[in-house]
Amino acid sequence: MSAFLRLFQPDPGPRIEGGKVFLRLPRLQDYAAWAELRTRSAAFLKPWEPTWPEDDLTRTAFRGRLNAYARELELGEAFPFFMFRRDDGALIGGVRLFHIRRGVAQSAVLGYWIGQDHAGRGYMQDAVRAMVGFAFGDLGLHRLEAACMPENLASTAVLLKSGFAEEGYAPAYLKINGEWRDHRLFGMVAPV
């Protein structure tokens, strides 16, 4: 079955279990919860993300996002997951492995976001740790990388508490909210 069609199945798998959260691939029926969470958290998220297109929260844009995710999955370039609170199944954020490189690199980049109402409660750290286990275990990767802006102390704390080490500083690294922003660079190598 193609990756695109998997996103329309009741249980597209894989499902990654954490202590407080679980991660699974996004589905079309997640649209309403996703759009509501992103709308409620827009002011909280926009300073840390690329500029949102005008139609970003529409059903059409969400379908386009699922199509892009399906292509990445099909090519083995990324694993996009939505994050759900374990106790009630509420959608609370997302975690994504992307720029997956095989061959001699065996590495990927980790990115994530969480709704404002759910930040600071340990959910993201739980999700990152679960994703690290998936990356090094199921996917057999050797190295993970992540980056965050210097003033994003919450993200820095999540990465450090999850076992990442700070490896450098990249001026004007990514265009975030319309501006080229500096980033702190973090990495982690699979345990031997």
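The dialogue below reads the fold, the sheet and three residues of a predicted model.

Student: Where should I start, and how many helices and strands are there in the protein?

Tutor: Start with the inventory of secondary structure. The protein has 6 helices and 8 strands. Along the sequence they follow the pattern α-β-β-α-α-α-β-β-β-α-β-α-β-β.

Student: How is the radius of gyration read against the globule rule?

Tutor: The computed value is set beside the one that the rule gives for the chain length. Here the radius of gyration is 16 Å, close to the 16 Å given by the rule for 192 residues, so the protein is as compact as a globular protein of that length. The C-alpha trace spans about 40 × 35 × 30 Å along the principal axes.

Student: What percentage of the residues is buried, and what supplies the exposed area?

Tutor: A residue counts as buried under 20% relative accessible area. Buried residues are 47% of the 192 in the protein. About 9600 Å² is exposed, and carbon and sulfur atoms supply 55% of that area.

Student: Which percentage of contacts joins residues at least 24 apart?

Tutor: Take the contacts between residues at least 6 apart in sequence; 59% of them join residues at least 24 apart.

Student: In what order do the strands of the sheet lie?

Tutor: The order is read across the sheet, from one edge to the other. The 8 strands form an open sheet with mixed pairing, in the order 1-2-3-4-5-6-8-7. Strand 1 (15-17) and strand 7 (165-176) are the edge strands, each pairing on one side only. From one strand to the next, the twist averages 25 degrees.

Student: Which helix packs on the sheet, and which strands does it touch?

Tutor: Helix 5 (residues 123-136) packs there, touching strand 1, strand 2 (21-24), strand 3 (79-85), strand 4 (91-101), strand 5 (107-114), strand 6 and strand 8. The direction of helix 5 makes about 30 degrees with that of strand 4.

Student: How do I read the pairing of strand 4 with strand 3 and with strand 5?

Tutor: Look at the direction, the number of bridges and the residues that face each other. Strand 3 and strand 4 are antiparallel over 6 bridges, and strand 4 and strand 5 are antiparallel over 7 bridges. Gly 94 ties the two pairings together: Phe 82 has Gly 94 in strand 4 as its bridge partner, and Gly 94 stands opposite Trp 113 in strand 5.

Student: What should I look for in the hairpin turns?

Tutor: Check the number of residues between the strands and the sign of phi. The hairpin of strand 3 and strand 4 has 5 residues between them, and Gly 89 in the turn has a positive phi of about 75 degrees. The hairpin of strand 4 and strand 5 also has 5 residues between the strands, with Gly 103 taking a positive phi near 70 degrees.

Student: How many residues of strand 4 are buried?

Tutor: Of its 11 residues, 8 are buried, so strand 4 is largely enclosed by the rest of the structure. As a general guide, side chains in a regular strand alternate between the two faces of the sheet.

Student: How does strand 6 pair with strand 8?

Tutor: Strand 6 (residues 143-148) and strand 8 (residues 179-189) run antiparallel and are joined by 6 bridges. Ala 147 stands opposite Leu 185 in strand 8.

Student: Is Arg 184 buried or exposed, and what does it touch?

Tutor: Arg 184 is in strand 8. Its relative accessibility is 17%, so Arg 184 counts as buried. Beyond four places in sequence, the residues touched by Arg 184 include Ala 146, Ala 147, Cys 148, Pro 150 and Tyr 169. Thr 156 is also among them, and the side chains of Arg 184 and Thr 156 make a polar contact (3.5 Å). Glu 166 is another residue that Arg 184 touches; their C-alpha atoms are separated by 7.2 Å, with the two positions 18 residues apart along the chain as the sequence offset.

Student: Where are Ser 41 and His 118?

Tutor: Both positions are in loops, so read the cover and the contacts next. Ser 41 is found between helix 2 (31-40) and helix 3 (42-45). Ser 41 is buried, with a relative accessible area of 1%, and is in contact with Gly 115 and Gln 116, leaving aside neighbours within four places in sequence. His 118 lies in the loop between strand 5 and helix 5. His 118 is buried too, at 8% relative accessible area. The side chain of His 118 makes a polar contact with that of Arg 85 (3.3 Å). Among the other residues that His 118 touches are Leu 37, Arg 40, Leu 91, Ile 92 and Tyr 123.

Key: Residues are numbered from 1 along each chain as its sequence is written. This is a predicted model: local features need pLDDT of at least 70, side-chain atom pairs count only at pLDDT 80 or more; totals for chains, interfaces and linings use all residues. Side-chain values use heavy atoms; hydrogens and water are left out. Two strands pair if DSSP finds at least two bridges between them. Helices (H or I, at least four residues) and strands (E, at least two) are DSSP runs, numbered from the N terminus. Axes are lines fitted to C-alpha atoms, for helices over the stretch in contact, and angles run from 0 to 180 degrees between N-to-C directions. Contact means heavy atoms within 4.5 Å. The radius of gyration is taken over C-alpha atoms; the globule rule is 2.2 Å times the number of residues to the power 0.38. Buried means under 20% relative accessible area, exposed over 50%, partly exposed in between (1.4 Å probe, protein chains only). Accessible areas come from the Shrake-Rupley method with a 1.4 Å probe; for residues, only the protein chains shown count as cover. A polar contact is a pair of N or O atoms within 3.5 Å; within protein, one must be able to donate a hydrogen and the other to accept it, and residues adjacent in sequence count only if both atoms are side-chain atoms.
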